[in-house]
Each structure stands twice: as C-alpha cells, then as structure tokens.
Amino acid sequence: MRKIASILIAAVALGGAASANDAVTQAEAVRGRALVEANCSSCHAIGVRGDSPARNAPAFRTISQTYPVAHLEEALAEGMSIGAEHELAAMAPRDVNAIVVYLETIQTSATPQRRATPPAIG
Ligand code: HEC
C-alpha cells in the first residue's frame with residue numbers, strides 16, 4: 001500500500017513538472033510571435049496561413065520543409081545575411097530561443113517536432 005502511494009505521488013510530481021514546462025514553452029512561443037511580428041512580418045507570412053507581403057520571402061510555416069528550424073539559431077544570434085535583401089541585426093539568445101520555439105509551433109512539415117500550441121493571432 002505504501003509503495004502504491006509513493007508511486008502515485010511520484011506520478012503527480014512528474015505531471016506537475018511537465019505542465020510547468022509546457023507553460024514556459026507556451027510563454028516563449030507567445031514572445032517569439034511578438035518578436036517576429038515586430039521584426040519580420042513586413043515581408044514574411046508569420047502565421048499558420050496567409051501569404052508573405054514580400055512575394056519572394058518564404059512563409060515562416062514552410063521553413064522546416066527546407067531545414068530544421070533550429071538551424072536558424074546561429075544565423076539569428078549572429079545576425080543573418082541572406083542575399084542583398086536580408087540584413088538582420090544579431091539578437092539576444094533569449095529572443096532567438098523564443099523565435100525558434102514559436103516557429104516550431106507553426107511548421108506545416110510532416111516531420112513531428114517539439115510543439116506548443118500556436119498563440120492566437122492578434
Ligand atoms: C525587408 C523584408 C524582410 C524582412 C523584414 C525579413 N525578411 Fe527574411 N527574407 C526576405 C526575403 C526577400 C527572403 C528570400 C531571400 C532569398 O531567398 O534570397 C527572406 C528569406 C528568409 C529566410 C529563408 C532563408 C533560407 O535560406 O531559406 C529566413 C529563415 C528568413 N528570411 C528569416 C527572417 C526573420 C527571422 C526575420 C525577422 C527577424 C526576417 N526574415 C525579416 C525578406 C525579409
């Protein structure tokens with residue numbers, strides 16, 4: 001009987017830890033969305049639908065069809081230069097993390113990824 005009780009307690013403790021983590025991830029996704037809204041949405045589609053304002057800028061939800069979203073971490077942290085159209089300032093590691101977490105929530109790739117629920121638009 002005591003053994004069962006301690007297993008139950010362990011399970012509850014683990015469950016609690018997992019949802020605290022989810023809440024952190026969710027908060028990061030919301031922050032990441034705000035960051036791309038402010039810095040990227042003039043050219044890129046940043047949500048789960050819609051076209052990019054700049055015709056040749058890829059919709060962010062399609063990035064993982066080309067490479068894993070996490071590959072952007074270095075480029076964002078160091079400042080990214082993609083062709084003449086794209087000079088981005090280096091970002092703080094916290095912000096890079098938030099952006100990557102958000103981008104992972106909107107990917108349309110078939111590959112399952114670490115996910116949080118996309119924050120509501122607006
Ligand atoms: C002034 C318009 C503009 C802004 C602002 C902008 N981008 Fe882009 N971005 C583009 C264009 C245009 C391309 C396509 C360039 C190309 O393929 O040569 C692109 C391409 C990309 C790519 C794909 C690169 C690749 O190798 O596949 C990523 C990722 C990207 N942008 C991320 C960002 C992020 C993150 C932000 C905001 C922090 C941002 N962009 C802001 C115009 C912009």
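Visitor: Which residues does His-44 touch, not counting residues up to four places away in sequence?

Guide: This is a predicted model, in which local features need pLDDT of at least 70, side-chain atom pairs count only at pLDDT 80 or more, and totals for chains, interfaces and linings use all residues. Residues are numbered from 1 along each chain as its sequence is written. Two residues are in contact if their C-beta atoms, placed from the backbone, lie within 7 Å. With residues up to four places away in sequence left out, His-44 touches Ser-52, Ala-57, Pro-58, Ala-59 and Phe-60.

Visitor: Is His-44 buried or exposed?

Guide: A residue is buried if 20 or more other C-beta atoms, placed from the backbone, lie within 10 Å of its own, exposed if 12 or fewer, and partly exposed in between. His-44 lies in the loop between helix H1 (2-39) and helix H2 (72-78). His-44 has 20 C-beta neighbours inside 10 Å, so it counts as buried.

Visitor: What pattern does the protein follow, read along the sequence?

Guide: Helices (H or I, at least four residues) and strands (E, at least two) are DSSP runs, numbered from the N terminus. The protein has 3 helices and 2 strands. Along the sequence, the pattern is α-α-β-β-α.

Visitor: What distance separates the end C-alpha atoms of helix H3 (residues 93-106)?

Guide: The expected span of a helix is 1.5 Å times one less than its number of residues. For the 14 residues of H3 that gives 20 Å, which agrees with the distance between its end C-alpha atoms, 21 Å.

Visitor: How many of the 14 residues of H3 are buried?

Guide: Buried residues make up 20% of the 122 residues in the protein. In H3 the buried residues include Val-96, Ala-98 and Glu-104. H3 is largely enclosed by the rest of the structure, because the number of its 14 residues that are buried is 10.

Visitor: How many residues does H3 give to the largest nonpolar core?

Guide: A nonpolar core is a set of buried Ala, Val, Leu, Ile, Met, Phe, Trp, Tyr and Cys residues joined through C-beta atoms within 7 Å. The largest has 16 residues, and Phe-60 and Val-100 are among those with the most contacts inside it. H3 gives the most to this core, and its residues there number 8.

Visitor: Where in the protein is confidence lowest?

Guide: pLDDT is the predictor's confidence in each residue, from 0 to 100. Its mean over the protein is 83, and 74% of the residues reach 70 or more. Confidence is highest in H3, at 96, and lowest, at a mean of 66, in strand S1 (residues 81-82).
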